[in-house]
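Colleague: Before I rely on the terms used for this protein, I should like to see each one justified. May we take them in turn?

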Amino acid sequence: MVRKKPTLKTVAEKTGLAVTTVSRALLDSPQIALETRKRVAEAARELGYVPDRAAQRLRTGRTKVISLILDPHNEIPDFGRSMVAGLSYALKGTGYHLTITPDFEGEPTIDPVNYITRNHLADGLIFTRTEYFDERVKLLQELGFPFVTHGRTELATPHAYWDYDNEEFAYRAARHLIDRGCQEIGIVLPPDRFTFYQHLRYGFMRAVRESGVASVIPVDIDLDSPPEVLREHFADWQLKPGTPTGIVCPGETSALAISSSLTDRRLTPGTDFHLAVKRTSSLFELHRPSYFSIYENIFESGRGLGHSILNLLEGGEVSNNQTIQAPVM
């Protein structure tokens, strides 16, 4: 026998309340007493009641969906899982559902934004890897569509964001290499269209200018280069003037590729070369030899982005939803 799906009427019968009261209680209306809202929520859980999202959308004009547009890059292992876990934690119990929309390499980044907004598939958007004058931000601002970015832009109109302090990371990482005695240091930067390229470069060069050491920024590789390309680049690494003895790696994949390339050449970490790495997962802590690392908490970024988009959907100010996450030593 197929069990009937519980409805608002089912919850109303269980609680002895009117259907309209139950409906407003489940929407967390402040006009309904808190104790009543709790009683209705408990009854709905016991019955397994799930709101009909299609009907809810027709009634309220809201989808109760937050969409994360995710760039499936490989530089940060476990980035997607950690980001989704943090977002899910923030949205738990709010009635909002999280959907993932991929942002495939080689395709216009504006396409998934257009698709979601034109078809009203979400109430709010979150996306990563911002550019200086990001067209996604400009479009969403023109539409008045709620969004939060993981990363900043240089647009004149302010927007909500959660960002990691990449400038401070690069500065601290470079200073560590200098303090270890490296007279020539390098950094692997992301593609220069991304805003955090400039943040990393500023922090790195600030340390270089303060200390007077020589610096190298490779132009034929970047953080998005495949690991095998990074390995091949550093396979020709030589201990000679003009070659950095210390390298800042703003990602674990690049650090692993560089380390494997250099150790395969029988160069000794801590003697022949030094790495300073941005660590985003517990996986890198298992790597031997161990390297100096500074932590970026992606789960916390996801949670912060989730709280920010919820705040905007409730009428919060953009200026109250701009956070820069400090590096953790």
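Modeller: Let us begin just after helix 1, where Gly-16 takes a positive phi of about 75 degrees. Helices here are DSSP runs of H or I with at least four residues, strands are runs of E with at least two, and both are numbered from the N terminus. This is a predicted model, in which local features need pLDDT of at least 70 and side-chain atom pairs count only at pLDDT 80 or more, while totals for chains, interfaces and linings use all residues. Residues are numbered from 1 along each chain as its sequence is written, and side-chain values use heavy atoms, with hydrogens and water left out.

Colleague: Which residues of helix 1 are buried, and what makes them line one face?

Modeller: In helix 1 (residues 8–15), the buried residues are Val-11, Ala-12 and Thr-15. Buried means under 20% relative accessible area, exposed over 50%, and partly exposed in between, with a 1.4 Å probe and protein chains only. Viewed down the axis, the buried residues fall within an arc of 100 degrees, so they line one face of helix 1; the arc is that of the directions from the helix axis to the C-beta atoms. Lys-9 and Glu-13 are exposed on the other side of helix 1.

Colleague: What do the buried residues of helix 1 pack against?

Modeller: They pack against helix 2 (19–26) and helix 3 (34–47), where contact means heavy atoms within 4.5 Å.

Colleague: Why is the pair of Phe-127 and Phe-147 called stacked or edge-to-face?

Modeller: Two rings of Phe, Tyr or Trp (its six-membered ring) pair if their centres lie within 6.5 Å; planes under 30 degrees apart count as stacked, over 60 as edge-to-face and the rest as tilted. By this rule there are four aromatic pairs. One of them is Tyr-89 with Phe-299, at 6.0 Å centre to centre and 65 degrees between the planes, and it is edge-to-face. For Phe-127 and Phe-147, the centres are 6.1 Å apart and the planes lie at 15 degrees, so that pair is stacked.

Colleague: How do you know whether Phe-127 and Phe-299 are buried or partly exposed?

Modeller: Phe-127 has a relative accessible area of 0% and is therefore buried. Phe-299, at 31%, is partly exposed.

Colleague: What makes Lys-64 lie over the face of Tyr-96?

Modeller: A charge sits over a ring if NZ of Lys or CZ of Arg is within 6 Å of the ring centre and within 35 degrees of the ring normal. Lys-64 lies over the face of Tyr-96, at 3.9 Å from the ring centre.
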